[in-house]
Amino acid sequence: MMTTSLVSLRQDDGIAVITIDNPPVNALSQAVRQGLAETIEAIAADNTVRGAILICAGKTFVAGADIREFGKPPAAPMLRDVITRLEALDRPVVAVIHGTALGGGFELALGCHYRVMDKDAVVGLPEVTLGIIPGAGGTQRLPRLIGMAASIDMITSGRRADAREALKLGMADAIAQGDLLMSAKNFLAAKIGSPVRRLSERPPTAAASAIFAEAGKPVAARARGQISPVRALDLLEETASSNFAHGMAREAEVFTGLRNSDQARALRYIFFAEREISKIPEADAKPRIVAQLGVIGGGLMGTGIAAAALLAGLDVTLVERDAASADLAKSRALGLLKGSVERGKLAQTDYDAIAASRLRSTASYAELSSADLVIEAAFEDIAVKQAIFRELDKVTKPQAVLATNTSYLDVGAIAATTARPENVIGLHFFSPAHIMKLVEVVVPPEAQADAVATGFALGRKLGKITVRAGVCDGFIGNRILSAYRKQAEYLMEDGASPAEIDAAFRSFGLPMGVFEMQDMAGLDIIWANRKALATRRDPSERYVRIVDILCERGHFGRKTGSGYYNYAGKAPVPDEEALAIIAQERRRKGIVPRHFTADEIMDRILLAMINEGSHILDEGIALRSSDIDVVMVNGYGFPRWRGGPMFMADQMGTRETLRRIEAHATDDAFFWKPSALLKRLSEMGSSFGTH
Ligand code: 3HC
């Protein structure tokens, strides 16, 4: 019948088939909305059409509004109006969903009179994760379809539901059997002639106010300062009894208000930043095939990596130092996977196959002869790691990539102990590795491009956010962590208590404070690292001994019952002995403790992150400033809705960042050394203004 470049319409025996074809994800750009609007009018005017099907070309149904348009003024036709016109058609329209129907895409499907889903498809309203709320009727149509309680869950979390759940909740009317389009046509055939059912014509849900009261606390707690989930809940409550038109008008107001907010800008930035990370110098190299993975070390990290790989379909051989440890490592990894079965992330049959044959454990390196990639996750000691790599070099295939999971050590120095330094990289996972989303691929200078590409491909296969880093102490993430941990120690010695500092972290939006985190990770690990670095430390640098003293006295944090906090009771409380050590250290250094506000604390912590991040960028350790933000958000709990420290620095401007550092530097000039920022400022020269 008619075709625009992105939306086409054909008729098959009285059935109109609308196809959206806007690769890669069929986002609803202005041109697509325009094409849809014209197509809908064509159908409305054509009496020979008895029913319609809305389907998408390519790998997915519409994945949402075009996020790239959000920073620009809205352009007609508006999506909500297009959907209203679609729903108003007087012949049945079926949405045929494959891939992901998200945000505006799912709202488009809700404007259709029925939804047929492919068995592997998912639906969801992820708008809150972008700092907005559904803006094309989602907050009004979904409750009328599946009820308020389920809608609150879907909309305030932004989570996706698979086809089975969608069918159960009523978001899908059928799951396709066999060919998707054929299935949808058969479904439609049975509906032709019956009156169409429009969600907008259903009465409001009139949910009990108790539902909202109950949801309020967990939604706010999960949001940790992010406003969109809270606004979404407020809007659902406010419009629960409203007529449809009023609900739509209020939705549009709230949506528009949030669209240009700082939080939405930051969340859009990090969304695209997470997609930039794969643009690496090695992007064109062909990754080697990795089917067999070896893991050295059956501790928390090794077994977590093994579990992540098994979940992604790889076969794993775990190597430990003796048979008993190997058995223990296997049962530990299986224990993690049992948790995955319980959480519905792994089918029982897959678990059984893993336990029977896909996961092996051994004390013999020789069993790694067929491994395509080996990850060493042994004790964090360079001599231990070098000995392992010498061994691996002897037993593995020459083309096998050898990776170390070190979190601080020099990957180049480890690679140098092998005859194939070009095949050695760092793969820095975060614990627990089968849950945490981040991996740093650490690239020593000798590494070959295809070895690096293989590391990246593995990270992606494991479903990880994979960021390239150069070699230095701590790479991107732990180097910044060291900097702000040091600053937190200075603050502690100067007068703030660990609990005050931790509270400031939490009110900033981090899930936990730096001292709680250390207690959880184990102070002994930090202690070992400090001892390893002791010889390289500049003697003129200010050094806080508090954690060393705690460790000397056997207080390693949670694992020993005390550290900065005491864990004897139901809830952790500040540990008296730790407080006494702090007081004693202040006296020894002649420091008169002073008060710090939460804002002052976080200002220093943030500036410490930015300052170190600037050096990391300047030295080429990170490829882009946004890569640093991706690491901080996904590995260290930096609030996503703030975009990341480097994004915040850009918002603040380099001149202002430096001014604020200067204000703090009177205390610890040695710490700050903002040379990278100064360099950036001078590079900007006279054009400097907004940055
Ligand atoms: N708008 C613009 N571009 C988008 C986009 C969108 N909604 N979704 C994805 N893209 C782009 C990506 O930036 C990427 O571009 P690049 O190749 O230039 O880097 C490309 O499409 C492919 O995306 P992915 O790399 O993410 O591909 P995957 O296959 O891994 O994932 C996806 C596909 C699950 C659809 C994922 O891209 C995604 O989650 N997209 C966002 C979905 C979303 O949040 N939708 C809601 C938008 S807000 C909205 O709809 C408001 C409404 O209520 C009015």
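Colleague: How many residues of each class, nonpolar, polar and charged, are in the shell around the ligand?

Modeller: In this predicted model, the shell has 14 nonpolar, five polar and seven charged residues. In total, 26 residues surround the ligand, and the closest are Lys59, Gly104, Glu107, Glu127 and Arg275.

Colleague: Which atoms of the ligand and the protein lie at short range, and what are the distances?

Modeller: Look for pairs of N or O atoms within 3.5 Å. A polar side-chain atom of Arg275 is 2.6 Å from an oxygen atom of the ligand. For Lys59, an N or O atom of the side chain lies 2.8 Å from a ligand oxygen. Ile67 uses its backbone instead: an N or O atom there is 2.9 Å from a nitrogen atom of the ligand.

Colleague: How much of the ligand does the protein bury?

Modeller: The ligand taken alone exposes 990 Å², and the protein buries 76% of that.

Colleague: Which elements give two or more residues to the shell?

Modeller: They are strand S6 (100–102), helix H3 (104–111) and helix H11 (262–276). H11 gives the most, with three residues.

Colleague: Is H3 largely enclosed or open, and why?

Modeller: Count its buried residues, meaning those under 20% relative accessible area. Eight of the eight residues of H3 are buried, so this helix is largely enclosed by the rest of the structure. Among them are Phe106, Glu107 and Leu108.

Colleague: Which residues have the most contacts inside the largest nonpolar core?

Modeller: That core has 85 residues, and the ones with the most contacts inside it are Ile476, Tyr484, Ile501, Tyr564 and Ile605. Helix H24 (residues 598–618) gives the most to this core, with nine residues. Another core, of 70 residues, lies apart from it and includes Ile20 and Ala109.

Colleague: What should I look for in the backbone?

Modeller: Most residues other than glycine have a negative phi, and most peptide bonds are trans. Exceptions are worth listing. A cis peptide bond joins Pro23 and Pro24, with omega about 5°. Pro24 is in the loop between strand S3 (15–20) and helix H1 (30–44). Ser431 and Pro432 are also joined by a cis peptide bond, with omega about -5°.

Colleague: Where is Asp13, and is it buried or exposed?

Modeller: Asp13 sits in the loop between strand S2 (7–12) and S3. Its phi is near 55°, a positive value in a residue other than glycine. Asp13 is exposed, at 70% relative accessible area. Arg224 also has a positive phi, about 40°, and counts as partly exposed at 41% relative accessibility.

Key
Residues are numbered from 1 along each chain as its sequence is written. This is a predicted model: local features need pLDDT of at least 70, side-chain atom pairs count only at pLDDT 80 or more; totals for chains, interfaces and linings use all residues. Side-chain values use heavy atoms; hydrogens and water are left out. A nonpolar core is a set of buried Ala, Val, Leu, Ile, Met, Phe, Trp, Tyr and Cys residues joined through side-chain atoms within 4.5 Å. Buried means under 20% relative accessible area, exposed over 50%, partly exposed in between (1.4 Å probe, protein chains only). Helices (H or I, at least four residues) and strands (E, at least two) are DSSP runs, numbered from the N terminus. A residue is near a molecule or strand if one of its heavy atoms lies within 4 Å of it. A polar contact is a pair of N or O atoms within 3.5 Å; within protein, one must be able to donate a hydrogen and the other to accept it, and residues adjacent in sequence count only if both atoms are side-chain atoms. Accessible areas come from the Shrake-Rupley method with a 1.4 Å probe; for residues, only the protein chains shown count as cover. Ala, Val, Leu, Ile, Met, Phe, Trp, Tyr, Cys and Pro count as nonpolar, Asp, Glu, Lys and Arg as charged, and the others, Gly among them, as polar.
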